[in-house]
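Let's take a walk through a protein, starting with the whole thing and then zooming in on one spot. Have a look at the picture before reading on.

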Amino acid sequence: MFHLQTSGTPRELGKAHGRRLKAKICQLLDHYRHGFRDGTGGWRKGLDPESRRAFSLKRSEMIAHIYPEACEEIDGIATGSGLPYEDIWELNLIYELTDHHPACSLYGFQDFNGHSLLGKSDDLEAVELGSNVLTCSEPKGVLKSLNMHFAGTIWTTCAVNEAGLAYGMTGLRAQHQNPKGIPTLFLLHLLVSRCETAVEVEHLCSEYQISTNGVSLLIGDATGDLMVLEKHTTGQATRRPGPRGAALWQTNHCCDANLREDEDRNSPTHQNSLDREANIVNLDGLVPRTLKGLMDLYRTHDAPGGLCQHGAGGLHTDTAIIMDPTEREMWVTEGYPCETEFVKRSISVR
């Protein structure tokens, strides 16, 4: 895992990122481009260099009208790394160019005092391990945050900001794409800089369409509010826990019946997702509503469906994260949570 401290304009944030992570960015580009090959020495249809370049530039122009700060930060990553602008866009759009899919497990609860704690794992392919970037970011004019990105991208997969908003994400599959939407993980980057409460996240998400697949967010704030928000190409839905002490969770399939109609259930991780959900259901009543109880859940290996994954379905747990929005704290492992300690990180209030 990389650690960064950044501040300034979106372009300045991107430059610091690019300078620090050039070697890792190049490694990831090489890895993903291998998947563009057809197995005979050529490129798969529509994935040759010129097609990818044209697609990336067209998408960047479209997104610039909706979310210009994203384009500025990606430009900064390109400048800082010395890599072509379209290469950095290609990496940021990898979920639109391939069938890659973020696979993670979310679980959180309000303790019996009404205090929210949120957990997330980040499950990757073996070759992607070590690509997460934990950043303390002070963007100019918006909320400061402690957040996690993937090297070379503006994806924000989990965050705690100075207002006491926290969230973690996991991916959902869809059968259709929406060319008018923004990339799913770009939307998450927007949330951490603009929102202070779970309700604000719900409202802001409703203003945007997403382009491909979907995302589920476990969201908490300093008031103790807690929700799961499922955002799909066809709409969004929310759910909240019952009485204090009740938990919420999500793996990699839709829970809302309406969104499930457009879900792609042929994903290679679909059964893995069902197994993890079943395991969480079995363990839920045994999880103490404490920080330690949440940490221990993410160390489980119950087969099938362990939350600490060591290759099941091709997935490895690169990190587990526990977020405490009231205290503006994030507890993070650097590697499999069964083998490494959770280390506390915090964000100060300006």
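How many helices and strands does the secondary structure of the protein come to? Keep in mind that you're looking at a predicted model. Count them up and you get 10 helices and 14 strands. What about the overall build? The radius of gyration is 19 Å, close to the 20 Å that the globule rule gives for 350 residues, so the protein is as compact as a globular protein of that length. If you'd like a feel for its dimensions, the C-alpha trace spans about 55 × 45 × 40 Å along the principal axes.

Now peek inside. Of the 350 residues, 60% are buried, with under 20% relative accessible area. The contacts tell us something about the chain, too: take those with a separation of 6 or more, and 66% of them involve residues 24 or more positions apart.

Time to zoom in on two helices, H1 (residues 10–34) and H3 (residues 68–81). Their axes lie 6 Å apart, and the helices pack at an angle of about 45 degrees. That angle is neither under 35 degrees nor within 65 to 115, so H1 and H3 count as oblique to each other. The crossing of H1 and H3 is right-handed.

Who meets whom here? On the H1 side you'll find, among others, Arg-11, Lys-15, Arg-19 and Lys-22, while the H3 side includes Glu-69, Glu-72, Glu-73 and Asp-75. Sort the residues of this contact by character and you get 8 charged, 7 polar and 4 nonpolar.

Technical notes
Residues are numbered from 1 along each chain as its sequence is written. This is a predicted model: local features need pLDDT of at least 70, side-chain atom pairs count only at pLDDT 80 or more; totals for chains, interfaces and linings use all residues. Side-chain values use heavy atoms; hydrogens and water are left out. Axes are lines fitted to C-alpha atoms, for helices over the stretch in contact, and angles run from 0 to 180 degrees between N-to-C directions. Helices (H or I, at least four residues) and strands (E, at least two) are DSSP runs, numbered from the N terminus. Angles under 35 degrees count as roughly parallel, over 145 as roughly antiparallel, 65 to 115 as roughly perpendicular and the rest as oblique. A crossing is left-handed if the near helix is turned anticlockwise from the far one by less than a right angle, and right-handed if clockwise. Contact means heavy atoms within 4.5 Å. Ala, Val, Leu, Ile, Met, Phe, Trp, Tyr, Cys and Pro count as nonpolar, Asp, Glu, Lys and Arg as charged, and the others, Gly among them, as polar. The radius of gyration is taken over C-alpha atoms; the globule rule is 2.2 Å times the number of residues to the power 0.38. Buried means under 20% relative accessible area, exposed over 50%, partly exposed in between (1.4 Å probe, protein chains only).
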